[in-house]
Structures are given as structure tokens and as C-alpha cells.
Amino acid sequence: MAVPAQTCGASRPGPARTALPWPGRSPRPGPGARRPAARPPRPLLLLLPPLLLLPLLAAPGASAYSFPQQHTMQHWARRLEQEIDGVMRIFGGVQQLREIYKDNRNLFEVQENEPQKLVEKVAGDIESLLDRKVQALKKLADAAENFQKAHRWQDNIKEEDIMYYDAKADAELDDPESEDVERGSKASNLRLDFVEDSNFKNKVNYSYTAVQIPTDIYKGSTVILNELNWTEALENVFIENRRQDPTLLWQVFGSATGVTRYYPATPWRAPKKIDLYDVRRRPWYIQGASSPKDMVIIVDVSGSVSGLTLKLMKTSVCEMLDTLSDDDYVNVASFNEKAQPVSCFTHLVQANVRNKKVFKEAVQGMVAKGTTGYKAGFEYAFDQLQNSNITRANCNKMIMMFTDGGEDRVQDVFEKYNWPNRTVRVFTFSVGQHNYDVTPLQWMACANKGYYFEIPSIGAIRINTQEYLDVLGRPMVLAGKEAKQVQWTNVYEDALGLGLVVTGTLPVFNLTQDGPGEKKNQLILGVMGIDVALNDIKRLTPNYTLGANGYVFAIDLNGYVLLHPNLKPQTTNFREPVTLDFLDAELEDENKEEIRRSMIDGNKGHKQIRTLVKSLDERYIDEVMRNYTWVPIRSTNYSLGLVLPPYSTFYLQANLSDQILQVKYFEFLLPSSFESEGHVFIAPREYCKDLNASDNNTEFLKNFIELMEKVTPDSKQCNNFLLHNLILDTGITQQLVERVWRDQDLNTYSLLAVFAATDGGITRIFPNKAAEDWTENPEPFNASFYRRSLDNHGYVFKPPHQDALLRPLELENDTVGILVSTPVELSLGGRTLRPAVVGVKLDLEAWAEKFKVLASNRTHQDQPQKCGPSSHCEMDCEVNNEDLLCILIDDGGFLVLSNQNHQWDQVGRFFSEVDANLMMALYNNSFYTRKESYDYQAACAPQPQGNLGAAPRGVFVPTVADFLNLAWWTSAAAWSLFQQLLYGLISHSWFQADPAEAESNPEARESSCVMKQTQYYFGSVNASYNAIIDCGNCSRLFHAQRLTNTNLLFVVAEKPLCSQCEAGRLLQKETHSDGPEQCELVQRPRYRRGPHICFDYNATEDTSDCGRGASFPPSLGVLVSLQLLLLLGLPPRPQPQVYAYASRRL
């Protein structure tokens, strides 16, 4: 019970007593003449024995009333309970349906779900599926290495010598400004025909492979042409793999040069803006090309860093972060005389999407000042890498330094921290155009097994921030067969439209000998990948035998879900994997943390827990029992789990061998029977292979009936289990109509409809016309009322869903109803199960009037209570509705019924939107508990651009003073500006969108975001309870009591006399959020394990190839001409693309 608060609007408990008027306040006046007229009378089932058909009549005025006593309100509550129970017993038909099942006992068998056997079978099936892909992968990788080894390098190779299908050719031909149109393509590009394939969700050609080359790589370079030449031989291997396993999807070779060759051929899905797809930045390639990384990025922010150079550094850091996966750990720091982290992260943190977002935002705030102090930067980085008290990758360790140049080699730092073992690699990046001596930067990289790169302009950022992976791949290549281990990725979105996939990856090594000394080559050729669609894995799991609330899930070593019914990303980003943690897919608790840890460790286990689950419509929380069973999936990093409610231990399996009975029951699915037997919705399941799906249930039923006229339920092309159960439930629900519903007058008890829904996929609504207003999902397993009813005992009320921003309900023609449902529990031979849910749909207005009468002091069937001029009477919800507020709200805090006519159109709204003061009091007195969680899969509308009139992003704009200063014209800043503008003129789209926007959001559609969700559910208070909302002269009495066997709370309260004591408003609506504070979360990271293998060292590694620099002085004439163009405001003409020429030594 809450401690009384001293602030305005708090409530304090009061004893069970007759509430008297407050001192200084006059007694509340009796009801005036403004009471709305009552609706036509509706009979009350169980008001009192002599009042069964009590009409609803108006009451005369009275002089003095007091707040009702507790025993009076408890009496009203019992009346409400009896009325609800009586209606449900007569019309719900729970008992009758039990008898129907027992009468038809010969038509079905009761089967058992054995969790351990089930989960082991599914894990074995998934293992077999993935193992077939592994064999194909190994075959491809071996073939690629042999083809490349046999290939003879051609220095004079020409474009016309190569025949291949360019996946982007069709898009380029449609673009008059494309490179091939302007240059006249010399390559012998194939033109192919394609056929639609539902497995690929695309048009494909099975006779050829397709080639995709990044936009910023020149197709005609010698390296690329040689790459195309030797990879052509992979085509036959791809085709042979598919012949042996027709279920194979995309087979892909991602080359370290950037070339992608994939099978089968299909046109590239290019975005409307610039296509920045590069296979080397895909999650699957990064994971397959190197072992996990611990990376510290240090950025020089000394005063010598010009504004433009600093912008280049910021962009470079962001691009570098994009080369990291969830198996990696990272931190970013800036340095001048001293070093400090750019963000709130004080140690290495997991390079997941949310942490990288924090880094990217923090990097934009870096400011250049002070003097360069390499020593401070490197000491900070080494200290970070030596911190063993934190979770980290514990494999490749590296420092990435971005600077504009300097003379200090900080040899003493390397001697202290890194020599002689050199366990930390150092990569140095010279950013911007300058005349500094780069020898110290080269030396640092070469002396520490790293590499030196130059980033003179924005065009060099992407290629130079990813080539460090070649260096990290050296130990892997030198390890040979030991490193040839297949890894399975996180879930991510396929770039060719396959949807959510996982990819098996295998590195491909260069087996050639480098030079006359027979020295082994250290280069990784690329990564081979084979996709597996999540839908193909889901098909291996049991669908409908687990019941509506049972499910299978799988997680990886990071705790991210591979399978889960709540894995439903609303939008996906091609640049990032889909990483939903198991503890975010469900409501987190200690038991689930323990289960997650055991699964990550590869253990088997079983545990029954009491936990919270969120309803399908995300409005309610239920406390339920669940049985978790889990086993590892061998030969993978995945673990599989099975979740079953206790009532799903058993399920029904129909056995309709009597064909005459099949035909009889099937006739009740025909629309011609609906008028007498009620309307039938059938769940849109895959009953047969040739059944055409449709989102319109009427059309789907029509397709189903047409197919059943051609095949039998026992046909091999059909799912016999689903069909037999559907037809059985059709007959069983028809018998419920015959025995119960057809002879009842629903109008007599203000019912709009009665219904039954079953595990077999039938939802029957009676009468037929009520189906016009039925808005629930025709798939019972996806209907919130169905799943909640199974998880609860008693009667579950579900008011119509109302959003606070939408217009109120329109109460016309009695079409607004309130669902009341309850499960049908069978006990057959000691085995308990819940195969169906039944219920009624209440007429909102009629039951609101009935509610008033049930919560009144009527003692005679015709007359309400009368109170004489000199007597004191207790208020009730009928006579005193101008002074007394009486409501029913459900377990989620949503308004169900009210004695206030003006609140009828607010039924279904969160009650805090109706009466914030009273809802806060209920919450403070523990009638409700709040649960907050985050939805990391939400989609939000794009934010409007705020810089439409600004210069191209990332471009330094010189001032007038700069133009007048001759020294500036020959400075590094001017030269760097020239490089920026040149790239901008050539790559015209750079002026329009940054790379992230162009690739991840090409059509400015909704983007991924985090939403905070808040749900309320019943707290610990079960007893009848009186309290005061303390607010001086505005104080209010209220009484609250749970109604037995329902999810309702009955509340009686004084209506507020004034509004000068408004309490805070409780919020239930989903709101946009940045998620939990990342700076706090990293202090208590969730348990995870990295990959079991690590290749970060090999004694035979040759580190002599460590990069070399080149710089050239700016031309004053070119710069002057450029500035004149700028001053004159001449518009840039789109020019052919500037290409990054591949420079790998093959």
C-alpha cells in the first residue's frame, strides 16, 4: 500500500466507513433535471430474484446524499459479478462445448508435446539444413582457391576480352548520364532473360552468374578485369551446387577487390540515389574476413587540424566504425596535449548499433585546439587495450590514429607497451592535403605490424578505412586449413530482396607463392557466402501443435535472436545487421537472464518460470507460467529454445476417417449455411500447396472451397493435420450453434453477437450479420483476445481500441461492442488442454445503462430509491450520476463502462486520459503496477531536413578574409578544398545526400527508431478498498474493488468539484525514445561469448608491406581558376565518375 503523499493529488487510505461531507464543504446536492434520458429498458439477469426484468426508469430528485458505505459498494460488485457470470453461462456455452467435445471423442486423439524430444528434433533438422549449405560452401571455397592459383595474370587484358553479366547494366542503360552510356561500354556485357522465382522473390536466370562492382571502382582496371576473368569459372560450381541441392538460395563470392559475383543472376536492385553498395562493408563479409577485434581509435584534434581536415577525420571515424560488427569492441578518443574519450564510454564497448550511434554523434562534437601530443594519444590507447577487467573480444588488438601529420615517433611509448611482442597493431592515417613529412607515420605503422594510409579527400575515405582488414586477414591465411571454419552471421536484410537471412561464410585464401623465394602469399582473396532465409528455418519448427502461446526461438553467442515470434523489424538498414537481444524480445527478468546465459554457453536445460508477457496488441501485461526447454544446435553458434504454457502440453489431432462426416462438416463452411449457422472465418494457413493466399478472408474462403472440390483432406499436397482439425472444428462449433445459440434471443440481454474460436483455425460468429462489424484477426493465434483468454482464468473484457488522437467512438445503430471471452478447458483422461475460446459481444450503450442499475440502491423493480427532505441516503450510480462517478476499467487501465453518458464515447481509452486524478490515485494505491520496456524494431517517419539551403555537407566554406589572403591560396586548406570540390563536381550526387542516407534510406522512407512502451497491470491489492484523493477543498473519496473472475476493477468516486488540484498524468501511449541510457548500460553489459576461434598472430607473417605515402604540391593556377568559378557561381556539370583503382598485389 502506498505511503500517503503530501503533494497535491495524492491519496490516502480510509477505513471502511460511511463517508461524510468534508468540513467546510456543503453536502453534495441531489441530482438535477439534467440527467440524460434512459435508453429503452434491457432486462437484468441477476440483479435480485424479484428484479430480473427490471426496466430502466428515471428517479425523482432528493435532498441529501452521502458517499455509499463500503458494504453497499461490495453488494453492487457482487451484483455485477453475478450478472456477468449469468450471461456468460447462458450464452458463452463453455459447459455445452465441453460436452460437445466429449460427445465427439471418437473423432480426435489427444497428443502430447514432449518438450525435450521436440526441441532436439528441431535442432537436428536445423543442423541438417545448415550442414548442406556448409558442404556447398566448402566446395565453392576450394574451387575458388584452385581457380585463382591456376590463373595467369594478364597485364594487357582489355574490357572487350571479358564476357559477363553486369548486374547494374540495365539500370545504367536507363540512365543517360551513366558511365557506360557516356563512354560507350567496351565490356562484352551479356543481355539475359529472367523468370520469376518465388523462392528468391525475384526474377532470376539459372544459367549465369551476375557481377556487381561498386560505383567508385573502375570496371576497366587491370585488377578488376583479372578478377572477373578467373572468377568466371565459379559459374559451373554454383550451377552444380544447385543441382545437388535445389533449396540453395544466393551463392555469393565477395572479393577483396570489391567485386561481387553471385548466382543465380538477377538485375541489381539499385537505389534511386547513388548506389554505395560494397560487399566488403556487408556484415557477412566483415565477419568472415577477420577474427574479432579490440580497436581504439584516436583522433588528432590539435590546432593544426584545419576545419576541412577535421571534417574529413570525423567522416573517416564514422566509416571506420561501420567496418565493425557485434563481435568487436571499440573506443574512440581525441587527443592534443592530453587524450580523452569523445563520448561517455570510458573503456572498450561492444561495437553494436546503439553504441556506434553514440560514438558517431560524439565525434561530431570534436573541436580542434592545442598542440599535437602523440604520446598522450597512444598511452591512452594502450591503457584501454590492457584493461582486463572488462568484457572485450580478446583477439586482434589495434590502434587506429587519424592525424594531419607530425614529427614525433613516440618510440618510447611503443617500447614500453608493445615491444618486443608487438601484440597491438598500429594503423596510421594521414588526413587531408599537406606538406608534412609522413615518414614518422609510416614508421609507426611499419614498426607495429600495421599499415599506413592516406586520406587526401572524401573520395578516399571508404576504401582506406576498410583495407586494414587485409592486414588482419594475414594470420588467418597463414593458418591455412585451421582457419577454414564456417561461421554463421547475425540476422540481416538481404540486399537482393530475399528478406531476413543468415549467411554461412568461409574465407577464401590466396594459395599462390609470392616471388621466386617461394614465399607464401598472405592475402585473403575474399569471402564465400551462402544465404539461408529465416522463413526456411521457421518451416522446420512446429507451427500449430504448440498452441497460440507456444513458440520456438533461437539465439546466437551475442544473445541476439535468430528465431522469435517477436522478431518483426518494421524497417531494415542494409548497412547494419538486425540485432534484437532475447531479453529485449521478451520482458526481461532474472530467470530469463539465467536461461539466456545457459543457452549462450551451449548447455541443455529446462525451467518452469512465472513471468510477464506482453499482449499481441501491446496494450496489456499478463503474469503467466511458461516452460522453457533448450538445446544447442551442433556445428553452429546457435542455441534453440522451446516455450510452452502448461495448458499446451497436450493438443487435439482430428481423425476424420469417415468421408461422409467430412462432407457433412465441410458444408458448414459454405456461405450458404451462414444465415442459419453463423458466419465462419477460417485462419489463413497453408492448408495445401496450391491454395491461393489472400488478405481478404472471404476471398480466401472462396479459394479454399474451390480447392477442396478438387482434392480431399487426405491429399498428399495438403497438410492433413491442419485440414482435419479445421473441418472437425467446423462441425463442433456448428453443434454449439445448434445446442445453445440458435434458440436464444440475444437482444433480450443486450448482446450484439456470440462467438467461438478454436485452435483448429475456426472463428464462428452468430448471428451472421454480426460478422460485418467483426474486426478481430481471423487467425485465432494472432488475435489478442484469443491469446489473452488462454492465459487467464475467468472472463476477459476487451473494449474497442481507441487512440487518444483519434475521434471518439460513434455510438450509432448499436454497432459498438465490448468483447468478453473465456477459455474452454477440457479434461480428458487426466490430460488438460484448452482447444477453444468462447465469448459474447456486449452492446455498449445498453450495458452502460444496465451497469447504472446494477450499481444502484433499487429495492423495488419499478422504483429507484427515494430520499425524503429530512433524511440522509447513500448515493448510487443511477440516481446520483451527476455527483458520483462509477466506472469499470480493465486490467490494462482502459475504460470499459461508465455511468457518465458523456464518457461512453471514451470507452477503450486509457483512463488517465479520462480522469487523470483518479487514475493516479489508483496507481499510487497499488491497484496498478507499471511496466516500461523498449521496442527496438519500431519505424518512425523521416525527420525533415534542416539544411536544405546550406552548402554541401562536410564542405569547408572559406571566408572573404581567406580569399583576400594570398597565403591561404597556397595552404593545405585551399588544396583540400579543391580536392573536395573536384570530387563533388564529378560525383554530383555527393551534393545531395551523404553516403549513409543514400544507401540505407534511398527513398526517404520510414527509418528504424526506438519507442518506449508503458503498460499497466493489476497490482497486489485484491481487497475492497476506500481512500481519499487529498486535495483540500477539492478532495475526493473513492472506492475500488476487483470483480471476481474477471479482469475488471469497479471504481466508485466523487466527481471532482474543481480542477485546481490536478495530479500528474500517467502516460500509456507509446512514445519516441533514445532508449535506455547507453552510458549506464555499458557499465553492466549483458553476458555474451565471442567466436571460439581467433587468428591474430602467425610467426611467419611478413609485415614489410606496411603502406607508403605520396603527396603532390598544389597548383596555384588551378586553385585560382577554381576560385574564380566559385565566385562567378558557374553551375557544375555532371562528369564521369572518379574511380578508386584497386591496388592489391595479387
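# Exercises: disulfides and a buried threonine

A disulfide joins Cys-940 to Cys-1009, with 1.8 Å from S to S. Keep in mind that you're working with a predicted model.

**Exercise 1.** Work out which parts of the chain the Cys-940 and Cys-1009 pair ties together, and find the handedness of the link.

*Solution.*
- Step 1: check the sulfurs. A disulfide needs them within 2.5 Å, and here they sit 1.8 Å apart.
- Step 2: place the two residues. Cys-940 is in strand β39 (residues 928-940) and Cys-1009 is in strand β40 (residues 1007-1018), so the bond ties together parts 69 residues apart in sequence.
- Step 3: look at the twist. The torsion about the S-S bond is about 75°, so this disulfide is right-handed.
- Step 4: check the surroundings. Both Cys-940 and Cys-1009 are buried.

**Exercise 2.** Take the pair Cys-688 and Cys-718, and decide whether each residue is buried or exposed.

*Solution.*
- Step 1: confirm the bond. Cys-688 and Cys-718 are joined by a disulfide, S to S 2.0 Å.
- Step 2: find them in the chain. Cys-688 is in the loop between β30 (679-682) and α22 (697-708), while Cys-718 is in the loop between α22 and α23 (720-741), so the pair ties together parts 30 residues apart in sequence.
- Step 3: apply the cut-off. Buried means under 20% relative accessible area. Cys-688 has 7%, so it's buried; Cys-718 has 8%, so it's buried too.
- Step 4: add the twist. At 105° about the S-S bond, the link is right-handed.

**Exercise 3.** Now try Cys-344 and Cys-1079: what is the handedness of their link?

*Solution.*
- Step 1: the sulfur atoms of this disulfide are 1.6 Å apart.
- Step 2: the value about the S-S bond is -80°, and the link is left-handed.
- Step 3: this pair links distant parts of the chain, 735 residues apart, with Cys-344 in the loop between β13 (339-341) and β14 (349-350) and Cys-1079 in helix α31 (residues 1078-1081).
- Step 4: Cys-344, at 32% relative accessible area, is partly exposed. Cys-1079 counts as partly exposed as well, at 21%.

**Exercise 4.** Leave the cysteines and describe the surroundings of Thr-489.

*Solution.*
- Step 1: Thr-489 lies in the loop between β18 (487-488) and β19 (492-493).
- Step 2: its relative accessibility is 3%, so Thr-489 is buried.
- Step 3: leaving out residues up to four places away in sequence, Thr-489 touches Trp-284, Gln-287, Val-502, Thr-503, Thr-505 and Tyr-638.
- Step 4: zoom in on Thr-503. Its backbone nitrogen lies 3.0 Å from a polar atom of the Thr-489 side chain.

Key. Residues numbered from 1 in each chain as written. Predicted model: local features only at pLDDT ≥ 70, side-chain atom pairs only at ≥ 80, totals over all residues. Heavy atoms only, no water. Helix = DSSP H or I, 4+ residues; strand = E, 2+ residues; numbered from the N terminus. Buried < 20%, exposed > 50% of the residue type's maximum accessible area, 1.4 Å probe, protein only. Polar contact = N/O pair within 3.5 Å; in protein donor to acceptor, adjacent residues only side chain to side chain. Contact = heavy atoms within 4.5 Å.
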